[in-house]
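This report goes through selected local features of one structure: a surface patch, two helices and some backbone details.

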Amino acid sequence: MKKNFIIVGQGIAGSVLSFLLMQCGKTVLVIDENKVFTASKVAAGLYNPIVFKRIVKSWMVDEVLPATNQIYAEMEQLFKLKFHHKRSIVKLFVSEEERTFWLSKATQPELAPYLTNATDAQYMLEEIQNNFSCAFVKQSGNVDIPVMLEGMKEYLIWKGAYKQEKFDFNDLKLNSESVTWKDIEAQKIIFCEGYHATRNPYFSYLPFLLTKGEVLIIRIKNYNTENVVNKGVFIMPLGNDLYKVGATYEWNDLSEFPSEKGKSDLLSKLQHVLKIPFEIVEHQAGIRPTVKDRRPLLGIHPKHAQIGIFNGMGTKAILLAPYFAQQYVAFLEGNCELHPEVDIKRYATLWKD
């Protein structure tokens, strides 16, 4: 059997890339182990156009946000699902100085589309500790990633383009201008395998700096908001009185299992936000494929033109994947060059034959 592309991994990156390739008329086979907990499945899918620490725009947000809205809308329409939710992020200030700094930033023309220039000292006073007022981020939201991934999986199965299996490199053979995996021949194989790329014999030279993230699913009664509240942690609505709380950043303990330390850190921060009782329903963890320079990893292997990578989206995968998948598809068709900040050629000196 022949395909245009074999895609390894059906997380956020692999799903969006395979969707766009198929929309362009390409044939794909997606190979995925379908583990219960992965970084994609655990992630909140929250996107924020603002970096709170300095109150500046997120990298390339003006360019990537339109693609985020467009591609997820197209996927929703095709799958007949709703998983993209536009929500304001409520930034709770921790001091009067932080409130003043926000207001000074909100008047700047480049930030005005994303920040409200007024604060609210009365917002949810009974439920949260709104001691220094709050303000709102515009053009933010979240993608219900499990729903999106399941919709994509069902679509791939319907198209005969999905194989649930742990990928084994021993099954991969390189031909002069193609690859063969078992009985499937393809022009190229693209690896979208998240943090497992650190064990990929073709791309392990790339400087991944993995981070473990942990989240809690909690139940809160009488806490009625569709917004995401942020103060050290985020509290994001899931429906039916359930909320996702996150997230931690751990660089040393890279096990895939939730830790007591992660749980304790989240609870400590959560108690500085909520005034009302809550119940812990679930504790989850995943390993993010973050990169040393915090930029995605896209490109073709330095020696093997049949092997590519689309990875390294890290904590901003849900925001970055649609734009860069569009660019990567155009690149694969020879219609453009990759953005230099994401092209793996920037790490050419690290590769050794």
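Leu209 sits in the loop that runs between β13 (184-191) and β14 (211-219). The model is a predicted one. With a relative accessibility of 45%, Leu209 counts as partly exposed, since that class lies between under 20% for buried and over 50% for exposed. Together with Tyr249 and Trp251, Leu209 makes a nonpolar surface patch of about 340 Å².

Helix α3 covers residues 61-79. Its 19 residues, at 1.5 Å a residue, should span 27 Å, and the end C-alpha atoms are 26 Å apart, so the two values agree. Buried residues in α3 are Val61, Val64, Leu65, Ala67, Thr68, Ile71, Tyr72, Met75, Glu76 and Phe79. Because these residues cover an arc of only 165° around the axis, they lie on the same side of α3. An α-helix has 3.6 residues a turn, so residues three or four places apart point the same way. Just after α3, Lys80 takes a positive phi of about 60°.

Helix α7 (residues 317-332) has a kink of about 25°, centred on Tyr323. Of the 16 residues of α7, 14 are buried, so the helix is largely enclosed by the rest of the structure. Gly334, just after α7, has a positive phi of about 80°.

Most residues other than glycine have a negative phi, and most peptide bonds are trans. Two loop residues other than glycine with positive phi are set out below.

| Residue | Phi | Loop | Relative accessibility |
|---|---|---|---|
| Met124 | near 50° | between α4 (96-106) and β8 (134-137) | 12%, buried |
| Asp241 | near 70° | between β16 (233-239) and β17 | 26%, partly exposed |

Met124 counts as buried because its relative accessibility of 12% is under the 20% limit. Asp241, at 26% relative accessibility, counts as partly exposed.

Where is the peptide bond between Gly246 and Ala247 placed with respect to cis or trans? The bond joining these two residues is cis, with omega at about -5°. Ala247 belongs to the loop between β17 (242-246) and α6 (260-270).

Methods: Residues numbered from 1 in each chain as written. Predicted model: local features only at pLDDT ≥ 70, side-chain atom pairs only at ≥ 80, totals over all residues. Heavy atoms only, no water. Patch = residues over 30% accessible without salt bridge, like charges linked within 9 Å, V, L, I, M, F, W, Y side chains within 5 Å. Areas by Shrake-Rupley, 256 points an atom, 1.4 Å probe, with all protein chains shown as cover. Salt bridge = Lys/Arg side-chain N within 4 Å of Asp/Glu carboxyl O. Helix = DSSP H or I, 4+ residues; strand = E, 2+ residues; numbered from the N terminus. Buried < 20%, exposed > 50% of the residue type's maximum accessible area, 1.4 Å probe, protein only. Expected span 1.5 Å × (residues − 1). Arc of directions from axis to C-beta. Bend = angle between axes of the 7 residues up to and from the residue.
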